[in-house]
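I opened a new file today and kept notes on what I looked up. The entries follow in the order I made them.

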Amino acid sequence: MKKLLLTLTAVTAITFASQAQTEKGKIILGGQVGFAGESIKDTDVKATGFSIIPQVGYFVADNIAIGTGVGYSWAKQEESKDNDETIGKFVVSPYGRMYSKNDGPVKFFGQLTVPMGWGTAKVNGDKAATTADYGVELAPGIAYFPTSNIGIELKVRGLYYNNGTVKNEATDAKVTTNSYGLDANSLAPTLGVQFHF
């Protein structure tokens, strides 16, 4: 009987804790950190990159949060020891997120994000071009709240569109690339942790 009472108490506490996480007035903290590297054996060809984009959000209503991420990304592509290209970008990524209204420690959510980035491309250390990216993404996900302050999330990219422009410094020529698609690969979701206060 004592074990049953303890189990019911724990389940009740987890249920109430999860409900409190998405209430109006709460704050959500998280972000993205990434690192990638690639090299081709027996050549000098290699690529490295990183990004760090902390995010903060605020629940404007129960189960509805708005926020933004602000950070930096950098990538370098080397064709040889004396030939490389780097791109550094300042990134801003405002978003809106809506959680399901169900009770319990598991909630589904949808997130609309408008990622933007502005940067500089350099060839062998000399400024070669400026870059600008504007996009929109609609991503579904699921969040599990094991405690009152932590949400563990699985999310796929979902629907996306991006408009990227590269302007050559020497000629002022612009190249614009539009990319779009549906990336709902359930075998490759992103795993994240959000902190709720």
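How many helices and strands does the secondary structure of the protein chain come to? I counted one helix and eleven strands. I note at the outset that this is a predicted model.

**Entry 1, overall layout.** I read the elements along the sequence and wrote down the pattern α-β-β-β-β-β-β-β-β-β-β-β. The helix therefore precedes the strands in that pattern, given that elements are numbered from the N terminus. I then looked up burial and found that 29% of the 197 residues of the protein chain count as buried. For contacts between residues at least 6 apart in sequence, I noted that 56% join residues at least 24 apart.

**Entry 2, strand E11.** I went next to the pairing of strand E11, which covers residues 190-196. E11 pairs with strand E1 (residues 27-39) in the antiparallel sense, over two bridges. Within this pairing I looked up Leu29 and found Phe195 of E11 as its bridge partner. E11 also pairs with E8, again in the antiparallel sense, and here I recorded six bridges. Strand E8 spans 150-155, and I found its residue Lys155 opposite Thr190 in E11.

**Entry 3, the largest pocket.** I took down a volume of about 1000 Å³ for the largest pocket. Which residues lie nearest its centre? I listed Gln32, Ile53, Pro115, Glu137 and Arg157, out of 35 lining residues. I then asked which strand gives the largest share of the lining. The strand is E11, with five residues, the strand I had just followed in its pairing with E1 and E8. By residue class, I divided the lining into 13 nonpolar, 14 polar and eight charged residues.

**Entry 4, Thr147.** I looked up a loop residue last. Thr147 is found in the loop between strand E7 (126-144) and strand E8 (150-155). Is Thr147 buried, partly exposed or exposed? I put Thr147 down as partly exposed, because its relative accessible area of 36% falls between the 20% and 50% cut-offs. On the contact side, I found a polar atom of the Thr147 side chain 3.3 Å from the backbone nitrogen of Ile150. I also checked Thr147 against Pro105, which is 42 residues away along the chain, and their C-alpha atoms are separated by 8.7 Å.

Methods: Residues are numbered from 1 along each chain as its sequence is written. This is a predicted model: local features need pLDDT of at least 70, side-chain atom pairs count only at pLDDT 80 or more; totals for chains, interfaces and linings use all residues. Side-chain values use heavy atoms; hydrogens and water are left out. On a 1 Å grid over the protein atoms alone, a cavity is a set of points where a 1.4 Å probe fits but cannot get out, and a pocket is an open set with protein on both sides within 12 Å along at least five of seven lines; lining residues have an atom within 4 Å of a point. Grid points are joined across faces, edges and corners, and a volume is the space filled by probe spheres set on the points. Ala, Val, Leu, Ile, Met, Phe, Trp, Tyr, Cys and Pro count as nonpolar, Asp, Glu, Lys and Arg as charged, and the others, Gly among them, as polar. Buried means under 20% relative accessible area, exposed over 50%, partly exposed in between (1.4 Å probe, protein chains only). A polar contact is a pair of N or O atoms within 3.5 Å; within protein, one must be able to donate a hydrogen and the other to accept it, and residues adjacent in sequence count only if both atoms are side-chain atoms. Two strands pair if DSSP finds at least two bridges between them. Contact means heavy atoms within 4.5 Å.
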